[in-house]
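Here is a short tour for someone meeting this structure for the first time. Have the view open and follow along as we go from strands to helices to the meeting of the chains.

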Protein chains: 2
Amino acid sequence: MVNLFDKISEKNKEKLLRMLEANTLFFKKNAPILSTIKGENVIGIVLTGYIQIVRNDDNGNRTIIEELEENTIFGTLFSSITGEDCEMICREDTKLIIIEYNRIIIGVQSNYTFYTQFIQNLLQILSDKINERNDRIKILTKKTIRNKLLEYFKIVSKRNGSKNIYLPFTFTEFADYLAVDRCAMSRELKNLKDEGFIEIKSKKITLLY
Amino acid sequence: MVNLFDKISEKNKEKLLRMLEANTLFFKKNAPILSTIKGENVIGIVLTGYIQIVRNDDNGNRTIIEELEENTIFGTLFSSITGEDCEMICREDTKLIIIEYNRIIIGVQSNYTFYTQFIQNLLQILSDKINERNDRIKILTKKTIRNKLLEYFKIVSKRNGSKNIYLPFTFTEFADYLAVDRCAMSRELKNLKDEGFIEIKSKKITLLY
DNA sequence: ATAGTAATGTTGCAATTGCAACATTTTAGA
DNA sequence: TCTAAAATGTTGCAATTGCAACATTACTAT
């Protein structure tokens, strides 16, 4: 996965951030972030820490929409923060860089090659985000739990070129990702295992087909 | 929705396209496009015509993944064309502009303001695509057909600021979009109507709550 | 105008799933 | 090390859904 500052030297990064008038912000664990940037049009980069974007359902359910780890970016334009029912919460002490959107665009007029690289990285990251969502949609549009699982396995195994899949989340979160009931998913995984399609060792799943 | 050439004059557009070394391509109705651009890293803009991105399922089902109308863009980096099971088909005679990705990035070094505008538009379009997919995911993660419908209504009605919803597709396509069985959807729409939540007049749905 | 095709409406039924309730295991923090 | 909380495994059952089959209506091209 591309990082916003890939192929930009530390020195040029400093220079770039100065030109973009980037602001560094600090948040304590469990602090809400959205209120700070509400109304503004910015891009944020998580330097250290870990942020969750959470939606509070009408029925009182809380769903994790997105998780922002170190070096990931979010944006008021594209991070589904738009809904009033969303919160951004720091799960750890967090250090952020905030860049106003307008500065990014204006900055482009410069001829510095690190600008070019920066824009290239940004375009790449946005493209990746689209692909990530395309993949999830491909999975969610399958009609049975079994087919959702198999589609997920197919995508991940193709991406990594391996029959071994290491789940990047707990099974509870996995069920959320697939938008199915956890127990029903557990049942179906057991079926797949009993039928000899897969092997499960805690979070490592091996495809036997 | 933003267009790639928004706020760029016709004259500057010509200039821009020359600098980007854009290629204009023509395709006959039902011609396949992917073979022409396979392996290359390009952005395409549909000038006239209409393209469908179609996936051929393992089970032999064909699903329309994306529809590209006039003035929309697609890209090898982000248009889910990656899978070998995908086709791009012109449904009408089609005129395309193809721009190599590298040219876009290199072009950024220029100081022309229409470049700035171009990049801004491109970023906006990619952001819109992310939001569009976020919305669909929000809908697909609802667990019942009723809740999917209601979420769809909520999103569209908020976007347009109106209780009147004009379906931009046939009911058959609508069911595909929600990833549910058409007949089951039809049943649920009838339920919602009978319970007085909505009113349906062909493709116009009015929310009564 | 009309024939042929696609879209829509309807319904019974079987399969899948969500839900609830509970036991067991794992994890994280004091 | 111990304890509380979170995650996981399991299963019966009711609700929802997909599927199939069919009738009806709306489009489209000749």
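In chain A, A:I45 sits opposite A:I73, a residue of strand β5(A). Keep in mind that what you are looking at is a predicted model. A:I45 and A:I73 are part of a pairing between β2(A), residues 42–48, and β5(A), which is antiparallel and has three bridges. A second spot to look at is A:I43, whose bridge partner in β5(A) is A:G75.

Now look at what A:I43 meets in another strand: in β7(A), A:I99 stands opposite A:I43. The strands here are β2(A) and β7(A), residues 94–100, and they pair antiparallel over six bridges.

Zoom out a bit. Which strand order does the open sheet of chain A have? Reading across its four strands, you go β1-β7-β2-β5, with antiparallel pairing. The edges belong to β1(A), residues 23–27, and β5(A), residues 73–75, and each of these pairs on one side only. From one strand to the next, the twist averages 30°.

Over in chain B, there is an open sheet of four strands in the order β1-β7-β2-β5, again with antiparallel pairing. Its edge strands are β1(B), 23–27, and β5(B), 73–75; each has a single partner strand, so one side of each has no neighbour in the sheet. Neighbouring strands are turned by 30° against each other on average, if you ignore direction. Want a pairing to trace in this chain? Try β1(B) and β7(B), residues 94–100, which run antiparallel and are joined by five bridges. Within that pairing, B:T24 has B:I97 of β7(B) as its bridge partner.

Here are the strand pairings we have visited, side by side.

| Strand pair | Sense | Bridges |
|---|---|---|
| β2(A) and β5(A) | antiparallel | three |
| β2(A) and β7(A) | antiparallel | six |
| β1(B) and β7(B) | antiparallel | five |

On to the helices. In chain A, helix α6 (residues 171–178) packs against helix α7 (residues 182–194) at an angle of about 100°, and their axes are 9 Å apart. That is why α6(A) and α7(A) count as roughly perpendicular to each other. Which residues of the two helices meet? From α6(A) come A:F171, A:T172, A:A175 and A:L178, while α7(A) brings A:R182, A:M185 and A:S186. By class, the residues of this contact are four nonpolar, two polar and one charged.

How far should α7(A) reach, going by its residues? It has 13 of them, so at 1.5 Å a residue the expected span is 18 Å, and the end C-alpha atoms are indeed 18 Å apart. After α7(A) comes A:G196, which has a positive phi near 80°. For helix α7(B), residues 182–194, the 13 residues should span 18 Å at 1.5 Å a residue, and the 18 Å between its end C-alpha atoms agrees with that. B:G196 follows α7(B), and its phi is positive as well, near 80°.

Stepping back to chain A as a whole, the domain assignment gives domain 1 as 10–135 and domain 2 as 142–207. The C-alpha centres of these two domains of chain A are 30 Å apart.

Finally, where do the chains touch? The contact draws on 24 residues from chain B and 24 residues from chain A. On the chain B side, helix α4(B), residues 113–140, supplies the largest share, with 13 residues. Sorted by class, that side of chain B has ten nonpolar, ten polar and four charged residues.

Note on methods:
Residues numbered from 1 in each chain as written. Chains lettered and ligands numbered in written order. Predicted model: local features only at pLDDT ≥ 70, side-chain atom pairs only at ≥ 80, totals over all residues. Pairing = 2+ DSSP bridges. Axes fitted to C-alpha atoms, helices over the stretch in contact; angles between N-to-C directions. Parallel < 35°, antiparallel > 145°, perpendicular 65-115°, else oblique. Contact = placed C-beta atoms within 7 Å. Nonpolar A, V, L, I, M, F, W, Y, C, P; charged D, E, K, R; others polar. Expected span 1.5 Å × (residues − 1). Domains from an automatic or database assignment.
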